[in-house]
Amino acid sequence: MALAARVLWPGGRALARRLGSRPGTELWAPSRAGLAGTARGPDPAVPAGRGNPRLLGAAALALGGALGLYHTARWHLRGQDLRAEGSAAQLSLSSHLQLTLYQYKTCPFCSKVRAFLDFHALPYQVVEVNPVRRAEIKFSSYRKVPILLAQEGDCLRQLNDSSVIISALKTFLVSGQSLEEIITYYPPMKATNDQGKDVTEFCNKYWLMLDEKEAQRLYGGKEARTEEMKWRQWADDWLVHLISPNVYRTPTEALASFDYIVHEGKFGAVEGAVAKYVGAAAMYLISKRLKSRHHLQDDVREDLYAAANKWVAAVGKDRPFMGGQTPNLADLAVYGVLRVMEGLEAFGDLMRHTHIQPWYLRMEKAVSGAP
């Protein structure tokens with residue numbers, strides 16, 4: 001798929017150059033050794049001039065070695081430049097990049113993005129979208145939230161999908177590449193989901209588009225990078241689907257959830273009243289279908305508890321966060337998804353009946369910037 005993406009969209013060749021050869025991808029880029037190897041001498045099929053073959057071989061080898069050293073030095077200097085650009089990008093981001101987040105406050109995907117922005121202390125404006133009319137995003141053909149508008153100099157860029165937004169911004173912070181270039185690494189693709197509906201998927205959305213040195217500096221090893229990607233996807237593919245069945249589990253919980261949604265969201269007076277009662281009844285019934293679709297237990301709390309304990313076990317006892325001493329993108333994703341239940345019965349039950357509370361409280365402090 002990655003190879004096809006490189007062929008079919010303009011950013012593919014730039015992405016290939018950026019990533020190089022890496023496990024888990026099918027993108028091709030010439031390695032440093034390959035670049036040096038192309039200059040090691042004339043092709044054997046091409047007749048060489050007269051002279052001592054040993055001298056010619058030695059000369060070719062020396063030339064190839066010199067070019068190899070040149071390319072190595074060039075890549076080393078490029079890495080230094082990128083590190084400097086990354087540091088400068090982080091220091092000047094507040095003045096260099098203006099961010100506007102279009103969201104529903106109670107949406108777990110939007111909460112993920114806010115957790116990322118808050119943890120990295122990135123200033124942003126919030127536009128709460130009316131979930132009925134959605135007039136606030138009428139400018140966009142992409143009709144889901146979150147949507148992030150990023151003003152970078154004279155260029156205004158739209159980023160869609162919570163995981164793409166997070167990956168693109170983190171790539172920007174680490175590498176210093178322009179968002180204009182980074183966005184091309186995450187091309188949208190039309191697909192059909194399990195229910196037969198047309199949906200938009202995004203290639204590479206859990207990848208940070210870093211070169212080897214940047215990735216090593218951020219992760220310290222391939223295992224940490226793979227772990228982060230695995231659990232980010234788990235948050236999207238499994239954890240988020242446990243929220244609705246749990247917060248709408250009973251009529252009483254459904255009504256309390258919609259009371260919270262109406263209070264925190266952007267509704268008119270009539271819309272709010274209708275949403276609170278009609279929406280609560282509808283979501284109570286829909287939650288039963290969701291339970292069946294995702295093969296949840298009769299008591300959906302048990303699935304929520306199991307997921308929380310599975311996450312805590314993955315983090316382990318020897319580190320405060322999956323990212324080590326500081327949260328990584330998987331920590332932020334899981335925290336962002338769970339945070340939308342705060343104040344509801346499901347959240348209180350989660351804190352009481354699982355081992356997740358210590359990690360969650362650490363995340364709360366890390367995201368808020370509290371000492």
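These are brief notes on a predicted model, covering its overall make-up, its nonpolar core and its charged side chains.

1. Overall make-up. The protein chain has 371 residues, and 44% of them count as buried. It holds 16 helices and six strands. Its accessible surface is about 19,600 Å². Carbon and sulfur atoms supply 57% of that surface.

2. Contacts along the chain. Take the contacts with a separation of 6 or more. Of these, 65% join residues 24 or more positions apart.

3. Nonpolar core. In soluble globular proteins, nonpolar side chains tend to be buried together. Here the largest nonpolar core has 86 residues. Those with the most contacts inside it are Phe116, Trp311, Leu338, Met341, Leu350 and Trp359.

4. Phe116. Residues up to four places away in sequence are set aside here. Phe116 then touches Leu122, Ile166, Leu169, Leu173, Leu329 and Leu332, and also Lys170.

5. Glu228. This residue lies in helix α9, residues 222–237. Which side chain of opposite charge is nearest to Glu228? It is Arg232, 4.9 Å away. A salt bridge needs a nitrogen-to-oxygen distance within 4 Å, and Glu228 has none, although it is buried. Beyond its neighbours within four places in sequence, Glu228 is in contact with Tyr219, Asn328, Leu329 and Ala330. Leu329 is also touched by Phe116.

6. Salt bridges, and Glu180 with Arg157. The count of salt bridges comes to 11. One of them joins Glu180 to Arg157, with the closest N and O atoms 3.0 Å apart. This pair links distant parts of the chain: Glu180 sits in helix α7 (residues 179–183) and Arg157 in strand β4 (residues 155–160), 23 residues apart. Glu180 counts as partly exposed because its relative accessibility is 44%. Arg157 is also partly exposed, at 24%.

7. Arg352 and Asp349. Both residues lie in helix α15 (residues 345–353), three residues apart, about one turn of the helix. Their salt bridge brings the closest N and O atoms to 2.5 Å. Buried or exposed: how does Arg352 count? At 58% relative accessibility, Arg352 is exposed. Asp349 has a relative accessible area of 10%, so it is buried.

8. Arg249 and Glu253. Their side chains meet in a salt bridge of 2.9 Å, N to O. Arg249 is partly exposed, with 22% relative accessibility. Glu253 is buried, at 4%.

9. The network. Which residues are linked with Arg249 and Glu253 in a network of salt bridges? They are Asp299, Arg301, Glu345, Asp349 and Arg352. The pairs in points 7 and 8 therefore belong to one network under the 4 Å limit.

Note on methods:
Residues numbered from 1 in each chain as written. Predicted model: local features only at pLDDT ≥ 70, side-chain atom pairs only at ≥ 80, totals over all residues. Heavy atoms only, no water. Core = buried A, V, L, I, M, F, W, Y, C linked by side-chain atoms within 4.5 Å. Buried < 20%, exposed > 50% of the residue type's maximum accessible area, 1.4 Å probe, protein only. Contact = heavy atoms within 4.5 Å. Helix = DSSP H or I, 4+ residues; strand = E, 2+ residues; numbered from the N terminus. Lys, Arg positive; Asp, Glu negative; His and termini not counted. Areas by Shrake-Rupley, 256 points an atom, 1.4 Å probe, with all protein chains shown as cover.
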